[in-house]
Amino acid sequence: MSREWLLDEHGVPVADALVLSHPEQYERLRAACPEAVPTAVLAGDPCWDRILAARPYRARFRRALGVRTGQRLVLLNSTWNPESLFGDGGGDDVLPSLLPRLASEFPADEYRFAAVLHPNIWHGHGPGQIRAWLDRARRAGLALIDPLHGWRQALIAADAVIGDHGSVTYYAAALGTPVLLGAAPLSGLAPDAPVHDFVRDAPRLDPALPLRIQLERVVRDHRPRPEPAEFISSAPGESATRLRRLFYDALGIPEPDEPALLEPLPLPPYEPPSHTVPLLVLTRLLGAGEIEVTRYAGPHPPADSTGELHTAAHEDTRETHQLALADVVFRYGEPDDPRFGSPEQWTKEALSLHPQCGLAAYVSGPGDCTVRTRGGELLALHAESASDADPSAYASALYAWLAAGKSLDELITQGLTVRTGEVTHRATVTRR
């Protein structure tokens, strides 16, 4: 809203029309640059209108990101600014320091993380550099969202946002999503702008404290504020009509007779989490055939963790030195993939290739897994209806059960119950 952006060297507005989304912006424009006021047009926000229209499809967007029942999707969002969440690489750059802690402090089966970075971050550093910087986090399960075509869908799907002073974080607040600010500079925001008030008052992330406790507290105590949704647009659902009228008036030709419409947000491609870093698995036997499984994608679990520990590693892990010591080796694939012969053949080969491994698991579907034990038992694990855990977690539960000296026949008779966080999953165990 400053004169240097709105007027040319002769004091003439550089734009024929300045599109605003709310009268509040008009008042700030009038105070900051009255010469540009005649160009102002209240036309709403097409981005917000597309988000509102797509909200009924939230469950589909979550499934596209591989978010399972009982999982929380946490969106990390950074704008383009040295003081943003993903800043200039200085000592106060928040996101790089957060990423390894997210993997170590949040159980992989209870939380799904995705990152939305401003397009200028991608443009300024290059996609290759961004992917290199976030490589370990991506192998630990982080989804890197397309900065142009996928961020709205991810925002709709999110259960919480860790962000900064950028517009995506403000859209999250407008949706009523809990927000935790990892970076919150006020210096670049107009003091009389609604986003200034939001950033000033929103909960702050304290990097010195445990992250999970802070996030869960924000989600638990969240009370949506009406101001963000109110100030994003004064004409929700009307932006297409108003903008088309503006454009055709500028061209001096009549509008078409048919309604003005916005493109709906497309359903993103399926992108389930890919954990190719070794997983540290804590298990506790809770009762007859019931095992609690807590898996971490970090180099070490939280200090207060309890349970029996084993390592599960994807066969394609880059940490091959840890693969040789893994207790469970697993992979995902189609049941008829000719490269592996069959799940039966792959599990046999895996145990031969990795002699320290106690169990090999081939995940062939959302709820199906073929496992072979070191003792030679070939078993099929099949999730019962409404169970929605990663089948490789069932394999770790089975490993823990057998490692404790429990009877395999007991599981075959009564089934396997796996608890991840607050969610209980049931699976049948059959010999093959």
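What is the volume of the second largest cavity? The answer is in point 4, after a walk through the rest of the structure.

1. **The whole protein.** Keep in mind that this is a predicted model. The protein has 432 residues, and 51% of them are buried. On the way along the chain you'll pass 18 helices and 16 strands. If you follow just the C-alpha trace, it spans about 85 × 50 × 40 Å along its principal axes. There's also a number here for how the chain meets itself: take the contacts between residues at least 6 apart in sequence, and 63% of them join residues at least 24 apart.

2. **The largest pocket.** This one has a volume of about 990 Å³. Its lining is made of 37 residues, and if you want to find the centre, look for His165, Gly166, Ser167, Tyr170 and Val195, which lie nearest to it. Several elements each give at least two residues to the lining, among them strand 1 (18–20), helix 2 (23–32), strand 3 (72–78) and helix 13 (227–232). Which helix supplies the largest share of the lining? That's helix 10, with four residues; helix 10 covers residues 167–174. As for the chemistry of the lining, count 20 nonpolar residues, 13 polar ones and four charged ones.

3. **The largest cavity.** There are three cavities of 30 Å³ or more. The largest cavity holds about 190 Å³ of space. It has 17 lining residues, and the ones nearest its centre are Ala103, Phe113, Ala140, Gly141 and Leu142. Helix 5 and strand 4 each bring at least two residues to this lining. By class you get 13 nonpolar residues, three polar and one charged.

4. **The second largest cavity.** Back to the opening question: the volume of the second largest cavity is about 60 Å³. Its lining comes from several stretches of the chain, including Arg68, Thr69, Gly70 and Gln71, then Asp388, Ala389 and Asp390, with Thr420, Val423 and His425 further along. Asp109 is another of the lining residues. Sorted by class, the lining has two nonpolar, five polar and four charged residues.

5. **Helix 12 and its buried face.** Helix 12 runs over residues 211–221, and its buried residues are Leu211, Gln214, Leu215 and Val218. Why do these four line one face of the helix? Look down the helix axis: the buried residues fall within an arc of 95°, so they end up on one face. What do they pack against? Their partners are strand 3, helix 5 (94–105), strand 4, strand 6 (160–163) and strand 7 (179–181).

6. **Glutamate 319.** Find this residue in the loop between strand 10 (308–314) and helix 15 (320–323). Is glutamate 319 buried or exposed? Its relative accessibility is 14%, so it counts as buried. The side chain of glutamate 319 makes a polar contact of 3.0 Å with the side chain of arginine 139. Setting aside neighbours within four places in sequence, glutamate 319 touches Arg139, Thr276, Val277 and Pro278.

7. **Two residues in one loop.** Glycine 333 sits in the loop between strand 11 (328–332) and helix 16 (343–353), and aspartate 337 is found in the loop between strand 11 and helix 16 too. Glycine 333 counts as buried because its relative accessibility is 18%, and aspartate 337 counts as buried because its value is 12%. Which residues does glycine 333 contact, leaving aside neighbours within four places in sequence? They are Tyr362, Val363 and Ser364. Glycine 333 and serine 364 are 31 residues apart along the chain, yet their C-alpha atoms are separated by 5.3 Å. Aspartate 337, for its part, has a side-chain polar contact of 2.8 Å with the side chain of arginine 339.

8. **An odd backbone angle.** Here's one to check by eye. Most residues other than glycine have a negative phi. Alanine 386 isn't a glycine, but its phi is positive, at about 80°. You'll find alanine 386 in the loop between strand 14 (378–383) and helix 17 (391–403). With 73% relative accessibility, alanine 386 counts as exposed, because the cut-off for exposed is over 50%.

Terms used:
Residues numbered from 1 in each chain as written. Predicted model: local features only at pLDDT ≥ 70, side-chain atom pairs only at ≥ 80, totals over all residues. Heavy atoms only, no water. Buried < 20%, exposed > 50% of the residue type's maximum accessible area, 1.4 Å probe, protein only. Contact = heavy atoms within 4.5 Å. 1 Å grid on protein atoms, 1.4 Å probe; cavity = no way out; pocket = protein on both sides within 12 Å on 5 of 7 lines; lining within 4 Å. Points joined across faces, edges and corners; volume = space filled by probe spheres on them. Nonpolar A, V, L, I, M, F, W, Y, C, P; charged D, E, K, R; others polar. Polar contact = N/O pair within 3.5 Å; in protein donor to acceptor, adjacent residues only side chain to side chain. Arc of directions from axis to C-beta.
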